[in-house]
Amino acid sequence: MNKKIAIIGAGLSGLAAALELKKLGHQIKVFDQSVKVGGRVQSDHIDGYTLDRGFQVLLPSYEMAQHYFDYEDLKLSGFQPGAQIYNQSSQKFNIISDPLRDPSTLLVTVFNSVASLKDKYLILKLKLNTKNFEMKSLSNTTTYSGLKEFGFSDKFINGFLKPFFSGVFLEKELSLDFNFFKYLFSKFNSSQAVLPLGGMGALSEQMAKSLSQEELKLGIKVESFTQNSVQTQNAGEKFDHVICAMGQDQAQKVGGLKLKAESESAETYRPVVTSYFTTPSEKHSSKYLYLLPGHKVNHVACLTAVQKSYAPKGQVLYSVNSIESEARDPKEIIQSLVPVFGETEMKTWSHLKTYEIKKALPKNFLNQDKTLSQNGILYIGDYTQHPSIQGALESGYKCAQEIKK
Ligand SMILES: Cc1cc2nc3c(=O)[nH]c(=O)nc-3n(C[C@H](O)[C@H](O)[C@H](O)COP(=O)(O)OP(=O)(O)OC[C@H]3O[C@@H](n4cnc5c(N)ncnc54)[C@H](O)[C@@H]3O)c2cc1C
């Protein structure tokens, strides 16, 4: 029987549930307080620049991304696998690449100073061990402990794995669950990290295209809700089901969700600061991510090297990312990058905009088998699976499949 279903939140999880439920023939209405769809996946288009709201990439090997996105239409283009790692003492970059996928880098990769031969062997072993890894449960081991147990040297963990995955987890200790690491490692190994031509926001916009004006209600804040009703500022409405896709903090505050003690604390999210700089200089334009271990900037990405459309012709766009909000002031950032890219280069950089995202990724996540349900309300979102595009989409997909039953 077709049902009338409310979805509160038009982030990736809410959109995923909406599209799936619509496909199954249900009558849906999605509410979002913002005038734009996408929640944490949005881009701003300013003076010819595309600025994602926080540096973010898509891994096309995410199963749910393959289900929901039309890759051809998104015109994806990828970073080079691996990274350029800055060595503070030699003031030089080393390339860590994947020789199996990019044979041209074999020599630099084999002889660089970050990884020992044993580390390189272990990387290959981990690659084989995690091929098609499915995140069925949590390991209850931190990523750092898991990597140590696997046998990696401290030099390799601190010189590559930590700075690379700190940028993904948005925390420096690699304290997230080892199975989540294995899942992401497997996905990084089976596809490049990519950006859509229109910015990361194009992902959510593409999903929203399949929804009508009646189905997608933007700029409408939900004040309260029960399992069968939604109250906005102006109206109340009855539904057969209500799905809360508001993000963990709002689900707790507005939606009355109760979680275990560690997830209830005030600091439920990890922050990140992304600052955008532009320059006409092509000198450091590279498809490799720049990792800066021990620096207050975690990583620098040249976005126009991957997608030219991110800046007007003749301009190069960099995103400079600082986790734990250590680098905010644009002048200080430029100064701190002088030893890295050189004074002449840094003199050409101009600051465009800074995004300080206080609630970027949930610190804890549930990896729920079944959709989280309390008082008849269904709760979806990245925190119910794992903090990623895949996790958010999967939570929405699973919920729709369960309603189908
Ligand atoms: C800076 C950054 C970098 C990231 N990098 C990556 C990456 O590289 N790869 C990756 O896989 N993942 C990445 N992620 C994670 C990924 O973007 C998120 O996990 C995912 O977008 C979360 O989607 P969601 O639907 O769970 O929540 P959200 O996107 O937070 O959606 C919640 C929605 O609910 C709405 N809402 C809240 N309260 C109300 C209310 N009262 N009434 C109506 N609407 C309401 C909000 O406006 C919002 O649109 C990153 C996230 C950030 C922020």
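The exercises below, each with a worked solution, concern a predicted model of a single chain. Residues are numbered from 1 along each chain as its sequence is written. Because the model is predicted, local features need pLDDT of at least 70 and side-chain atom pairs count only at pLDDT 80 or more, while totals for chains, interfaces and linings use all residues.

**Exercise 1. Domains and the ligand shell**

Determine how the chain is divided into domains, and which of them contribute at least three residues each to the shell around the ligand.

Solution. Begin with the division, whose bounds come from an automatic or database domain assignment: domain 1 takes 4-42 + 200-265 + 364-404, domain 2 takes 44-78 + 194-198 + 269-362, and domain 3 takes 83-190. The centres of domain 1 and domain 3, taken over C-alpha atoms, are separated by 34 Å.

Next, collect the residues around the ligand, where a residue counts as near if its C-beta atom, placed from the backbone, lies within 6 Å of the molecule. There are 35 of them, and Gly-9, Gly-11, Ser-13, Gly-39 and Gly-54 come nearest. Two or more residues of the shell are given by each of α1 (12-23), β2 (27-32), β18 (350-362) and α16 (389-404); helices (H or I, at least four residues) and strands (E, at least two) are DSSP runs, numbered from the N terminus. Domain 1 and domain 2 each supply at least three residues to this shell.

Finally, sort the shell by residue type: 17 are nonpolar, 14 polar and four charged, with Ala, Val, Leu, Ile, Met, Phe, Trp, Tyr, Cys and Pro taken as nonpolar, Asp, Glu, Lys and Arg as charged, and the others, Gly among them, as polar.

**Exercise 2. The six-stranded sheet**

Work out the strand order of the open sheet of six strands, and identify which strands stand at its edges.

Solution. The order is β9-β2-β1-β13-β20-β19, with mixed pairing, two strands being paired if DSSP finds at least two bridges between them. β9 (216-218) and β19 each have a single partner strand, so one side of each is left without a neighbour in the sheet. From one strand to the next the twist averages 20°.

Then look at one pair: β1 (residues 4-8) runs parallel to β2 and is joined to it by five bridges, with Ile-5 partnered by Ile-28 of β2. Last, place the helix α1, which lies across β1, β2 and β13 (241-244) and runs at about 165° to β2; axes are lines fitted to C-alpha atoms, for helices over the stretch in contact, and angles run from 0 to 180 degrees between N-to-C directions. Contact requires C-beta atoms, placed from the backbone, to lie within 7 Å.

**Exercise 3. Helix α9 and two asparagines**

Establish how many residues of helix α9 are buried, and decide whether Asn-375 is buried or exposed.

Solution. A residue is buried if 20 or more other C-beta atoms lie within 10 Å of its own, exposed if 12 or fewer, and partly exposed in between, with C-beta atoms placed from the backbone. Seven of the eight residues of α9 (residues 201-208) are buried, so this helix is largely enclosed by the rest of the structure. Its buried residues, including Leu-203 and Met-207, pack against α1, β3, β4, α2 (63-68), α3 (71-74) and β9.

Asn-375, in the loop between β19 and β20 (377-379), counts as exposed with 10 C-beta neighbours inside 10 Å, and has a positive phi of about 50°. Asn-367, in the loop between β18 and β19 (372-374), is partly exposed, with 17 other C-beta atoms within 10 Å, and its phi is near 50°.

Note on methods: Contact = placed C-beta atoms within 7 Å.
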